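Colleague: I have a new model open and would like to learn how to read it. Could you walk me through it, one feature at a time?

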Amino acid sequence: MGGSDTRALSRSLLDLCRMRKLTIATAESCTGGLVAGALTDIPGSSDVIDRGFVTYSNDAKRAMLGVKASTLDSFGAVSKETATAMAVGALERAGTDLAVAITGIAGPGGATPGKPVGLVHFAAAARDGRLTHRECRFGAIGRNSVRQRSVVEALRMLMELARGPKPPAKVRRESVSRLRPRTARAPLRRVAERRRTAGPLKPSPKKT
């Protein structure tokens, strides 16, 4: 997805949030503020975008977003747990309706065992309690490409939350005929056979 597509997606997200009176905060690590930049590049975005946190270091994640040191020590900065804590922290500190967080390894260095270049974790949180996470492994496609694709993914996650919760799936009701138990019917053929073997019925004697 190119720059024009990113701009179109940003505009659509802002229009939807404006219509639904939703506000947004961002918490970014490897993208360094690119998501907030894409959104604020659209004129009139100030009625939707509240603030953006650029928390590149672990110290910044702790100080600005309240990510616990134990979370960073146990799971690392690039993890589902840290991304989730970042999104929740941004939502709480900004007081917005929606928040998105990104933490990953854009490259070319920074890879560790089990966490290759191109691994990015995303989390998005909503004021109504919805919380989503997504892991993307873009591969070693270049630092700029990883960052740009991460921006698009974050915008898509915000769009999903902005559309609101999905209605509960309707329970498929079985037809009444399938629910009714079948009643056992007497085999008509057997009844007819019994009548033939029994012979003709004798007339009852007349009373005098």
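Colleague: Let me start with the cysteines. How many disulfides does the structure hold?

Modeller: Happy to help, and please keep in mind throughout that this is a predicted model. A disulfide is a covalent bond between the sulfur atoms of two cysteines. Here the structure holds 0 disulfides. You can still ask where a cysteine sits: Cys-17 is buried, at 0% relative accessibility, and Cys-136 is buried too, with a relative accessible area of 12%.

Colleague: Thanks. Now the overall layout: how many helices and strands are there in the protein?

Modeller: There are 8 helices and 5 strands. Reading along the sequence, you meet them in the pattern α-β-α-β-α-α-α-β-β-β-α-α-α. Of the 208 residues, 39% count as buried. Among contacts between residues at least 6 apart in sequence, 65% join residues at least 24 apart.

Colleague: In which order do the strands of the sheet lie?

Modeller: To read a sheet, walk across it from strand to strand. This open sheet of 5 strands has the order β2-β1-β3-β4-β5, and its pairing is mixed. At the edges are β2 (49-54) and β5 (131-137), each of which pairs on one side only. Neighbouring strands are turned by 10 degrees against each other on average, direction ignored.

Colleague: Which strands run parallel, and which antiparallel?

Modeller: Follow the bridges. β1 and β3 run parallel and are joined by 5 bridges; within that pair, Ala-25 has Ala-99 of β3 as its bridge partner. β3 and β4 run antiparallel, with 7 bridges between them, and here Ala-99 stands opposite Ala-125 in β4. Strand β4 (residues 119-126) also pairs with β5 in the antiparallel sense, over 7 bridges. There, Ala-125 has Leu-131 of β5 as its bridge partner. You can therefore step across the sheet from Ala-25 to Ala-99, then to Ala-125, and on to Leu-131.

Colleague: And β3: how many of its residues are buried?

Modeller: 7 of its 7 residues are buried. Both faces of the strand are covered, with Leu-98, Val-100, Ile-102 and Gly-104 on one side and Ala-99, Ala-101 and Thr-103 on the other.

Colleague: Let us turn to a helix. Which residues of α3 are buried, and which are exposed?

Modeller: The general idea first: an α-helix has 3.6 residues a turn, so residues three or four places apart point the same way. In α3 (residues 58-65), the buried residues are Ala-60, Lys-61 and Leu-65. Seen down the helix axis, the buried residues of α3 fall within an arc of 100 degrees, so they line one face of the helix. On the other side, Asp-59 and Ala-63 are exposed. The buried residues pack against β1 (24-28), β2, α4 (69-75), α5 (80-94) and β3 (98-104). After the helix comes Gly-66, with a positive phi near 75 degrees.

Colleague: How do α3 and α5 cross?

Modeller: Two packed helices are described by the angle between their axes and the distance between the axes. For α3 and α5, the axes come within 9 Å and cross at roughly 35 degrees. On the α3 side, Lys-61, Met-64 and Leu-65 take part, meeting Thr-82, Ala-85, Met-86, Gly-89, Ala-90 and Arg-93 in α5. By class, this contact has 5 nonpolar, 2 polar and 2 charged residues.

Colleague: What is Ala-94 in contact with, leaving aside its neighbours within four places in sequence?

Modeller: Ala-94, which lies in helix α5, is in contact with Ala-25, Asp-50, Arg-51 and Phe-53. With a relative accessible area of 12%, Ala-94 is buried. The C-alpha atoms of Ala-94 and Thr-23 are separated by 9.5 Å, although these residues are 71 apart along the chain.

Colleague: One last topic, the backbone. Where is there a cis peptide bond?

Modeller: Most residues other than glycine have a negative phi, and most peptide bonds are trans. Here, a cis peptide bond joins Gly-107 and Pro-108, with omega about 5 degrees. Pro-108 is found in the loop between β3 and β4. Also look at Lys-21, which is not a glycine but has a positive phi of about 55 degrees. Lys-21 is in the loop between α1 (3-20) and β1, and at 71% relative accessibility Lys-21 counts as exposed.

Terms used. Residues are numbered from 1 along each chain as its sequence is written. This is a predicted model: local features need pLDDT of at least 70, side-chain atom pairs count only at pLDDT 80 or more; totals for chains, interfaces and linings use all residues. Side-chain values use heavy atoms; hydrogens and water are left out. Two strands pair if DSSP finds at least two bridges between them. Helices (H or I, at least four residues) and strands (E, at least two) are DSSP runs, numbered from the N terminus. Axes are lines fitted to C-alpha atoms, for helices over the stretch in contact, and angles run from 0 to 180 degrees between N-to-C directions. Buried means under 20% relative accessible area, exposed over 50%, partly exposed in between (1.4 Å probe, protein chains only). The arc is that of the directions from the helix axis to the C-beta atoms. Contact means heavy atoms within 4.5 Å. Ala, Val, Leu, Ile, Met, Phe, Trp, Tyr, Cys and Pro count as nonpolar, Asp, Glu, Lys and Arg as charged, and the others, Gly among them, as polar. A disulfide is a pair of cysteine sulfur atoms within 2.5 Å.
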